[in-house]
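Dear colleague,

Please find the structure below, handed over for your own inspection. My findings follow it, beginning with the packing of helices.

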Amino acid sequence: MLKQLKEDIQAVFARDPAARNTLEVLTTYPGIHALIMHRMAHELWKKDCKGSARLLSSFSRFTTGIEIHPGAKIGRRFFIDHGMGVVIGETAEIGDDVTLYHGVTLGGTTWNKGKRHPTLEDGVIIGAGAKILGPFTVGKGAKVGSNAVVTKAVPAGTTAVGNPARYISKYLPKDQDEARRRDYAESIGFQAYAATQDQSDPMLEGMRILLDRIQNNEKRMNTLCQRLSLLDPTFKKQQLNEQPYSEEELKIIEDVRRECEAQSSQSKP
């Protein structure tokens, strides 16, 4: 128990630059208070003292604003930053070096008994306000962006953003895997709230591709009209300089293209 507590405190220092000393972490961090009481409640739950376990978890929720069911399984070096509004269901399973921010829900989508809450593997980061709903697995090293709603499995090393969540893959070298287990925050760099500045929006990237495709199709149509005019003099050559779009439509297209180019330029560096 004391060894686990020491590791939990070290995890706070590794992932929160605001932490100054051990006494401050023990006395002012609700995530640590909730985790200590959960470990005690979980032991009571395993010993079939379920009433006492639920009573302790209810007291923990009252004092910290963090609700963790005593049946939930939590690994080592677990860190809840800020913590208010975090909900972790009964059958949730959390691996080592996992980080949760305030407002996160690890919930279920069914009233049936059995496994109904998610499993978070090692090194997962869940941003503020994210909802992970259902009995699936969030893979090792995955990240879920703030306010994302995830209802299906997230592959390892993938970032999930949006509602419903879209997946952005990122290659993770295998030689860093063992180093991350030893010290996750130091080995690959801790990214607060599961947010990265160099990741492009897949929806804007798709819009950029569609705009390029439309432009190519217009060029092909103009070329086809020119060739038909050469083959058949009676063919009414269309005015190639005539603009097929109104001024308002052109302004919308230009704004979308400018936004797509800005996203692409941010992702390249």
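In helix α1, the residues Gln4, Leu5, Asp8, Ile9 and Val12 make contact with Ile32, Leu35, Ile36 and Arg39 of helix α3. Sorted by class, this contact comprises six nonpolar residues, one polar residue and two charged residues. Please bear in mind throughout that the model is a predicted one.

Two packed helices are described by the angle between their axes and by the distance between those axes. For α1, which spans residues 2-15, and α3, which spans residues 30-46, the angle is about 155° and the axes are 11 Å apart. Since angles over 145 degrees count as roughly antiparallel, α1 is therefore roughly antiparallel to α3. The crossing of α1 past α3 is right-handed.

Helix α3 also packs against helix α4, which covers residues 50-64. Here the angle is about 175°, with 8 Å between the axes. These two helices, α3 and α4, are therefore roughly antiparallel to each other as well. On the α3 side, the contact is formed by Pro30, His33, Ala34, Met37, Met40, Ala41, Leu44 and Trp45. Their partners in α4 are Lys50, Ser52, Ala53, Arg54, Leu56, Phe59, Ser60, Thr63 and Thr64. By class, the contact of α3 with α4 contains ten nonpolar, five polar and two charged residues.

I turn next to backbone details. Two residues other than glycine have a positive phi: Arg77, with a value near 55°, and His82, with a value of about 65°. Arg77 belongs to the loop between strands β2 (73-74) and β3 (79-80), whereas His82 is placed in the loop between β3 and β4 (87-88). Their accessibility may be set side by side. The relative accessible area of Arg77 is 15%, and this residue is therefore buried, the cut-off being under 20%. His82, at 49%, is partly exposed, because exposed residues must be over 50%.

A further backbone feature concerns a proline. The peptide bond that leads from Asn163 to Pro164 is cis, and its omega is near -5°. Pro164 sits in the loop between β14 and β15, the latter being residues 166-169.

Strand β14 itself runs over residues 158-161 and includes Val161. With a relative accessibility of 15%, Val161 counts as buried. Its C-alpha atom is separated by 8.0 Å from that of Asn147, and the two residues are 14 apart along the chain.

Finally, some totals for the protein as a whole. The secondary structure consists of eight helices and 15 strands. The protein has 269 residues, of which 39% are buried. The exposed surface comes to about 16,100 Å², and carbon and sulfur atoms account for 55% of that area. As for contacts between residues at least 6 apart in sequence, 40% of them link residues at least 24 apart.

In viewing the model, you may wish to begin with α3, which has contacts with α1 and with α4. The cis bond before Pro164 and the positive phi values of Arg77 and His82 can then be examined in turn.

With kind regards

Key: Residues are numbered from 1 along each chain as its sequence is written. This is a predicted model: local features need pLDDT of at least 70, side-chain atom pairs count only at pLDDT 80 or more; totals for chains, interfaces and linings use all residues. Side-chain values use heavy atoms; hydrogens and water are left out. Axes are lines fitted to C-alpha atoms, for helices over the stretch in contact, and angles run from 0 to 180 degrees between N-to-C directions. Helices (H or I, at least four residues) and strands (E, at least two) are DSSP runs, numbered from the N terminus. Angles under 35 degrees count as roughly parallel, over 145 as roughly antiparallel, 65 to 115 as roughly perpendicular and the rest as oblique. A crossing is left-handed if the near helix is turned anticlockwise from the far one by less than a right angle, and right-handed if clockwise. Contact means heavy atoms within 4.5 Å. Ala, Val, Leu, Ile, Met, Phe, Trp, Tyr, Cys and Pro count as nonpolar, Asp, Glu, Lys and Arg as charged, and the others, Gly among them, as polar. Buried means under 20% relative accessible area, exposed over 50%, partly exposed in between (1.4 Å probe, protein chains only). Accessible areas come from the Shrake-Rupley method with a 1.4 Å probe; for residues, only the protein chains shown count as cover.
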